[in-house]
Amino acid sequence: MKILKVCSACLLLLALVFCSKGPEPKDKVLEAKVERLLSQMTLEEKIGQMNQISSFGNIEDMSVLIKRGEVGSILNEVDPVKVNALQRVAMEESRLGIPLLIARDVIHGFKTIFPIPLGQAASFNPEIAEAGARISAIEASSVGIRWTFAPMIDIARDPRWGRIAEGCGEDTYLTSVMGAAMVKGYQGDSLNHPTSIAACPKHFVGYGAGEGGRDYASTFIPERLLRNVYLPPFEAAARAGAATYMTSFNDNDGVPSTGNAFILKNILRDEWGFDGLVVTDWASAVEMIPHGFAANEKEVALKSVNAGVDMEMVSYTFVKYLPGLTKEGKVKQHTIDNAVRNILRLKLRLGLFDNPFVDENQGSVLYAESHLETAKKAAVESAVLLKNENEILPLKENIKTVAVVGPMADAPHDQLGTWVFDGEKAHTQTPLKAIREMYGDKVQVIYEPGLKYSRDRNTEGIARAATTAARADVILTFVGEEAILSGEAHCLADLKLVGAQSELIAALRNTGKPLVTIVMAGRPLTIRKEVELSDAVLYNFHPGTMGGPAIADLLFGKEVPSGKLPVTFPKMVGQIPIYYAHNNTGRPPLGNETLLYDIPVEAGQTSLGNRSFYLDAGVDPLYPFGYGLSYTTFAYNNIRLSSNEYTEQDTIKIAFDLENTGKYTATEVVQLYIQDKVASVTRPVKELKGFERITLKAGEKQTIAMEVPVSELAFWNIDMVKVVEPGDFGLWIAGDSQSGNEVLFKVVG
Ligand code: NOJ
């Protein structure tokens with residue numbers, strides 16, 4: 001039997017997250033340039049660098065401000081001719097010739113759109129995330145963009161929050177690995193390269209924990225939870241060399257992030273040694289007024305700058321009030337100087353002083369063939385197979401006619417997902433188009449959408465769709481959410497399929513034909529009923545430009561699903577928040593009891609089983625974190641550890657046998673979880689500490705090796721110190737967060 005050395009890959013992941021280059025070392029020549037420039041600047045010119053405007057489109061109006069030295073950065077200008085015109089004004093007509101930093105939200109692709117980040121996270125493949133970010137940077141930089149506001153690495157444990165689409169889901173470790181990979185992809189090997197764009201991990205910090213899953217809502221994350229769960233992805237991004245950070249909209253325990261010196265100074269600068277640029281979110285500075293944290297715009301400028309913000313996005317209070325505040329002595333001259341140093345340092349690192357202009361004729365880079373191929377691979381790896389009864393998938397040779405139904409089958413705008421400003425639907429390849437073009441010679445394709453768009457409540461077309469579909473050997477129904485239903489400020493209180501999509505699925509079920517449901521959505525939806533009605537369910541999140549060919553190849557068996565859920569799927573909204581890495585209660589549930597209808601009428605006061613669960617929903621989710629089927633099956637056997645006792649300096653070496661027990665060559669995402677049994681504070685019942693994609697041929701068995709340094713078991717303890725506490729631990733190697741047999745080991749002091 002071959003021994004597959006996964007340890008090296010595992011260490012590579014750890015290296016990426018925890019040991020990579022970190023903040024760029026201070027370059028003495030570059031620092032001298034910063035100081036020279038700074039010494040020539042007036043107070044007003046310095047403060048001008050701290051101001052970011054959104055493009056008005058009109059060069060003349062913007063030129064006036066640039067000439068006055070009032071603008072350090074412009075966001076949302078994507079016309080390379082205009083970018084060059086603006087840079088020319090900055091370089092040639094402003095007193096000091098400081099180039100502009102051109103920014104844009106390039107979140108999951110510029111023109112070639114990749115799966116939404118939540119979908120990318122389902123691949124558990126940092127290489128594909130890095131490749132996607134690299135391509136995004138190549139395309140965006142070709143029009144002059146050198147700064148993206150990505151990756152979003154907010155831990156999100158509430159799928160009602162529309163922005164869950166933009167991040168990597170609920171898990172700290174997965175988000176750390178994927179986020180760091182994206183930073184690397186955007187920034188390339190050196191910021192100085194013309195195809196490198198500065199990354200901006202956001203939103204710093206806690207934004208994903210808004211009360212009730214409402215956007216912009218307050219968070220109440222105590223320091224230990226902040227440090228153990230919400231901060232590590234940001235620290236991993238800093239170690240991956242992230243050039244900038246964005247403050248978040250939320251107030252945490254009463255302090256808006258834009259005015260929070262504890263996170264911006266103590267943690268980001270002092271603890272992590274960050275020397276890049278901190279920008280506010282869009283008007284998050286002035287939003288401290290409605291928050292009730294600042295009385296007026298002057299106080300906004302005072303509080304944000306003194307908390308550690310370097311650049312203000314669009315709300316203009318810095319330009320208006322910082323000169324006066326500095327003269328009054330309320331803002332120290334060195335505070336302004338440090339902010340400007342951070343901005344100039346980044347502009348120098350990006351090479352903007354030497355190469356401020358962009359070649360205006362790089363159109364062929366956009367939607368390049370190789371970019372589309374990578375986007376397709378990402379969409380294949382992002383798909384999660386949730387159900388496959390009687391191995392209905394992949395579609396077999398005897399299928400002669402397929403019915404394509406549902407509002408998402410041919411929705412070129414909506415399959416792109418949220419935060420798409422530049423990708424055009426004309427380039428989208430939908431499932432309908434792909435099935436017809438790629439498999440039209442094998443099967444007859446009949447199409448009847450039944451509903452026009454996901455929210456369509458007009459049921460008139462449903463009967464026609466069912467009648468048409470009844471003529472086929474199998475029904476492929478594409479449902480989900482339009483792109484606009486997730487993303488910023490698009491939260492939902494209910495997560496059922498919108499419109500009449502459930503009625504459509506019920507009508508299709510009544511045809512008696514095999515029913516495959518393909519979901520494209522920005523978040524987990526509560527689809528228990530639809531899963532029951534379907535023979536197979538493939539969950540694609542929003543798969544981007546190349547979603548169609550990816551899904552077609554998955555359905556017809558050219559590709560085998562390998563995605564795993566990056567977030568727990570609830571059965572019903574009332575179970576939220578529901579996530580696998582929760583702490584235990586003193587009365588953990590015994591099983592997945594649902595006792596609602598077992599309680600006798602007029603029962604006397606009773607505490608039932610004295611356990612922590614819902615009478616009507618039990619405790620189990622619809623699908624746990626890490627879950628995802630394949631067309632094949634995998635058996636995990638013989639899990640063994642190198643020792644049953646380790647010291648903090650040791651590395652836990654794990655070996656196990658993985659066997660592909662099915663009929664297809666396929667990839668399994670192997671997951672490694674641990675539990676710290678007893679500690680100075682209660683610890684999660686399980687935490688992901690490693691994963692690896694392993695490809696095995698049908699029938700193949702390999703011994704797989706994985707490693708976890710014991711130091712990775714450290715957490716912020718009762719004394720708010722990050723330590724490994726000696727004691728008993730459990731370890732699982734499994735295909736999802738709810739499976740596997742526990743292996744015990746000890747850490748000794
Ligand atoms: C507001 C969003 O919260 C942020 O993520 C985005 O980068 C900025 N607007 C700029 O568009």
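This is a short tour of a predicted model, stop by stop, with what to select and what you will find there.

**Stop 1: two packed helices**

Start by selecting residues 223-230, which form helix 9, together with residues 261-271, which form helix 11. Two packed helices are described by the angle between their axes and the distance between the axes. Here the angle is about 50° and the axes lie 14 Å apart. That angle makes helix 9 oblique to helix 11. If you look along the crossing of these two helices, its hand is right-handed.

Now show side chains. Which residues of helix 9 and helix 11 make the contact? From helix 9, pick E223, L226 and R227; from helix 11, pick F262, I263, I267 and E271. Colour them by class and you will see 4 nonpolar and 3 charged residues, with no polar ones in the contact of helix 9 with helix 11.

**Stop 2: salt bridges**

The structure holds 37 salt bridges, and a few of them make good stops. Select E44 and K327 to begin with: their side chains meet in a salt bridge, at 3.3 Å from N to O. This pair links distant parts of the chain, with E44 in helix 3 (residues 43-49) and K327 in helix 14 (residues 317-327), 283 residues apart. Turn on a surface and compare the two ends: E44 counts as partly exposed, at 43% relative accessibility, while K327 is exposed, at 61%.

Next, select E45 and R95. The closest N and O atoms of this salt bridge are 2.7 Å apart. R95 sits in the loop between helix 5 (80-93) and strand 4 (101-104), and E45 is in helix 3, so the pair ties together parts that are 50 residues apart in sequence. Is each partner buried or exposed? R95 is exposed, with a relative accessible area of 55%, whereas E45 counts as buried because its relative accessibility is 13%, and the cut-off for buried is under 20%.

For another pair, select E328 and K330. Their closest N and O atoms are 3.1 Å apart, again in a salt bridge. Both ends are partly exposed: K330 at 47% relative accessibility and E328 at 42%. Before you leave the salt bridges, select K26, D275 and R349, which are joined into one network by salt bridges that share partners.

**Stop 3: a buried strand residue**

Move to L75, in strand 3 (residues 73-75). L75 counts as buried, at 1% relative accessibility. What does L75 touch, not counting residues up to four places away in sequence? Show Q52, I53, S54, S55, A103, F149, W282, M313 and V314, and you have its contacts. For a distance to check in the viewer, take the C-alpha atoms of L75 and F56: the two residues are 19 apart along the chain, and these atoms are separated by 9.7 Å.

**Stop 4: a buried loop residue**

Select S315, in the loop between strand 10 (312-313) and helix 14. S315 counts as buried, at 12% relative accessibility. Leaving aside neighbours within four places in sequence, S315 is in contact with A283, A285 and V286. You can also draw a line from S315 back to R95: the two are 220 residues apart in sequence and 24 Å apart in space, C-alpha to C-alpha.

**Stop 5: T468 in helix 18**

Now go to residues 460-469, helix 18, and pick out T468. This residue counts as buried, at 13% relative accessibility. Beyond its neighbours within four places in sequence, T468 is in contact with I446 and E448.

**Stop 6: an enclosed helix**

Finish at helix 21, residues 547-555. Of its 9 residues, 9 are buried, so helix 21 is largely enclosed by the rest of the structure. The buried residues are G547, G548, P549, A550, I551, A552, D553, L554 and L555.

What covers the buried residues of helix 21? Colour these elements to see part of the cover, which includes helix 16 (369-382) and helix 17 (431-439), along with strand 14 (474-480), strand 15 (515-520) and strand 16 (536-539). Then step just past helix 21 to G557, where the backbone takes a positive phi of about 90°.

Notes. Residues are numbered from 1 along each chain as its sequence is written. This is a predicted model: local features need pLDDT of at least 70, side-chain atom pairs count only at pLDDT 80 or more; totals for chains, interfaces and linings use all residues. Side-chain values use heavy atoms; hydrogens and water are left out. Axes are lines fitted to C-alpha atoms, for helices over the stretch in contact, and angles run from 0 to 180 degrees between N-to-C directions. Helices (H or I, at least four residues) and strands (E, at least two) are DSSP runs, numbered from the N terminus. Angles under 35 degrees count as roughly parallel, over 145 as roughly antiparallel, 65 to 115 as roughly perpendicular and the rest as oblique. A crossing is left-handed if the near helix is turned anticlockwise from the far one by less than a right angle, and right-handed if clockwise. Contact means heavy atoms within 4.5 Å. Ala, Val, Leu, Ile, Met, Phe, Trp, Tyr, Cys and Pro count as nonpolar, Asp, Glu, Lys and Arg as charged, and the others, Gly among them, as polar. A salt bridge is a side-chain nitrogen of Lys or Arg within 4 Å of a carboxyl oxygen of Asp or Glu. Buried means under 20% relative accessible area, exposed over 50%, partly exposed in between (1.4 Å probe, protein chains only).
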